[in-house]
Amino acid sequence: MPTESQKFIVVAVDGSDASSVAVKWAANAALKRKQPLKLVSAYTMPQFMYADGMVPPQELYDELENEANEKIENARKIVTDFSPEVEISHEVRESSPIDMLLEFSESAEMIVMGSRGLGGLSGLVMGSVSAAVVSHADCPVVVVRKDNDVTETNKYGPVVVGVDGSEVSRQALQVAFREADARGALLRAIHGWNDTQVHTTYVGLVDAQNEMERTLKERQDMLQEELAELVKQYPEVRVEEVVERDRPINALRDAAADAQLLITGSHGRGGFKGMLLGSTSRALLQYAPCPMMVVRPRR
């Protein structure tokens with residue numbers, strides 16, 4: 001078993017194009033973090049095979065397991081082609097993918113998953129494996145869309161993190177500093193806010209301008225205060241502080257245009273019946289220009 005500092009980066013393998021991109025991203029993360037990578041895949045027996053007490057033949061189980069193992073071997077080749085230095089293990093289970101990944105999340109460094117994008121996490125969000133795992137995992141979850149490939153343009157880009165002063169935002173910020181430190185990357189800390197209340201509360205133009213400046217200063221001070229202790233802990237990490245008069249989703253999306261990773265905290269809570277992700281996290285999972293990590297409140 002890996003030590004505490006050598007927790008596995010777990011990547012879900014299902015043979016899709018999005019999964020292949022996620023495997024490559026996870027290999028890059030494992031290499032930069034110097035952590036082992038675990039490739040995992042699940043298979044389930046088709047429900048119709050259980051109808052009327054029917055017992056599926058062992059040959060069908062063997063066929064499904066062999067298909068899963070073939071997907072694992074293809075993923076292993078993606079990793080070794082990317083870098084033979086990455087330590088790889090794997091596990092194949094007869095299981096629900098959600099159950100398997102949530103169990104791994106109890107001890108993993110992070111879960112990495114592919115998403116098809118364009119409908120992969122939109123619409124019936126809670127019906128997708130990705131959304132369920134993002135909403136309930138005990139560790140950070142990275143969602144990599146199939147158009148989020150590692151390129152020469154973005155692989156050395158910044159790590160972008162949203163900061164709003166909440167406890168889960170602080171947890172995301174800690175993760176972001178660790179990621180930036182491991183990757184030797186710039187950390188771009190973003191706080192977005194809109195000024196609708198200022199405009200509706202202050203009729204006078206001068207008063208409105210003064211209130212705007214005061215609010216901006218308060219937001220800048222908050223951001224500096226949130227960063228202060230971590231800046232001391234990670235003196236090698238370069239930090240760019242950005243306060244934008246814009247909705248957080250717009251500020252984060254724009255700031256991540258050249259990023260290798262976008263990190264947000266999710267305030268979502270509850271069971272499977274609710275929309276568990278905050279609106280910003282949910283929207284960014286569909287529209288972020290780079291892979292996105294969601295950090296949920298610690299239990």
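Helices and strands here are DSSP runs, a helix having at least four residues and a strand at least two, numbered from the N terminus. Counted that way, the chain has nine helices and ten strands. What you see above is a predicted model, so a word on confidence comes before the details.

The chain averages a pLDDT of 82, and 82% of the residues score at least 70. Confidence peaks in strand β1, at a mean of 96, and is lowest in helix α6, residues 196-201, at 50. Over residues 118-127 the pLDDT is below 50, although this stretch has 18 contacts in the model beyond near neighbours in sequence. Residues 269-276 also stay under 50, and there the model has 19 contacts beyond four places in sequence. Where pLDDT is low, the predicted coordinates should not be read in detail.

Now the chain as a whole. It has 299 residues, of which 49% count as buried. Take the contacts between residues at least 6 apart in sequence: 78% of them join residues at least 24 apart.

Next, the strands. I start with β1, residues 9-12. β1 runs parallel to β2, joined by four bridges, and parallel to β4, joined by three. Valine 10 shows both pairings. In β2 its bridge partner is lysine 38, and in β4 it stands opposite isoleucine 111. From β4 we can go on to β5, since these two strands pair in the parallel sense over five bridges. In that pairing, valine 112 stands opposite valine 142 of β5.

How enclosed are β2 and β4? In β2, six of the seven residues are buried, so the strand is largely enclosed by the rest of the structure. In β4, residues 110-115, five of the six residues are buried, and that strand too is therefore largely enclosed.

One residue of β2 is worth a closer look. Tyrosine 43 is found in this strand, which covers residues 37-43. Is tyrosine 43 buried or exposed? Its relative accessible area is 11%, and because buried means under 20%, it counts as buried. Leaving aside neighbours within four places in sequence, tyrosine 43 is in contact with Tyr61, Leu64, Glu65 and Ala68, and also with Val92, Arg93, Glu94 and Ser95. Tyrosine 43 and serine 96 are 53 residues apart in sequence, yet their C-alpha atoms are 7.1 Å apart in space.

Just ahead of β2 comes a contrast. Lysine 34 lies in the loop between α1, residues 17-33, and β2. At 65% relative accessibility, lysine 34 counts as exposed. Its phi is near 60°, a positive value in a residue other than glycine.

On to the helices. In α3, residues 97-105, the buried residues are Met100, Leu101, Leu102, Phe104 and Ser105. What covers them? The cover includes strands β1, β2, β3 and β4, together with helix α4. An α-helix has 3.6 residues a turn, so residues three or four places apart point the same way.

Helix α4 is a short run, residues 129-136, and seven of its eight residues are buried, so it is largely enclosed by the rest of the structure. The buried ones are Ser130, Ala131, Ala132, Val133, Val134, Ser135 and His136.

In helix α5, residues 167-183, I pick out glutamate 179. Where does its accessibility put it? At 0% relative accessibility, glutamate 179 counts as buried. Not counting residues up to four places away in sequence, glutamate 179 touches Arg33, Met110, Val159, Leu261, Ile263 and Met293.

Last, the empty space inside. Rolling a probe the size of a water molecule over the atoms shows where empty space is left. How many cavities of 30 Å³ or more does the structure hold? There are two. I will describe the second largest, which contains about 30 Å³ of space. Its lining consists of Val143, Arg145, Asn148, Leu284, Leu285, Ala288, Cys290 and Met292. The elements that give two or more residues to this lining are β5, residues 141-145, and α9, residues 279-287. By type, the lining residues divide into six nonpolar, one polar and one charged.

To recap: β1 pairs in parallel with β2 and with β4, and β4 pairs in parallel with β5. β5 also helps to line the second largest cavity.

Terms used. Residues numbered from 1 in each chain as written. Predicted model: local features only at pLDDT ≥ 70, side-chain atom pairs only at ≥ 80, totals over all residues. Heavy atoms only, no water. Buried < 20%, exposed > 50% of the residue type's maximum accessible area, 1.4 Å probe, protein only. 1 Å grid on protein atoms, 1.4 Å probe; cavity = no way out; pocket = protein on both sides within 12 Å on 5 of 7 lines; lining within 4 Å. Points joined across faces, edges and corners; volume = space filled by probe spheres on them. Nonpolar A, V, L, I, M, F, W, Y, C, P; charged D, E, K, R; others polar. Pairing = 2+ DSSP bridges. pLDDT = per-residue confidence, 0-100. Contact = heavy atoms within 4.5 Å.
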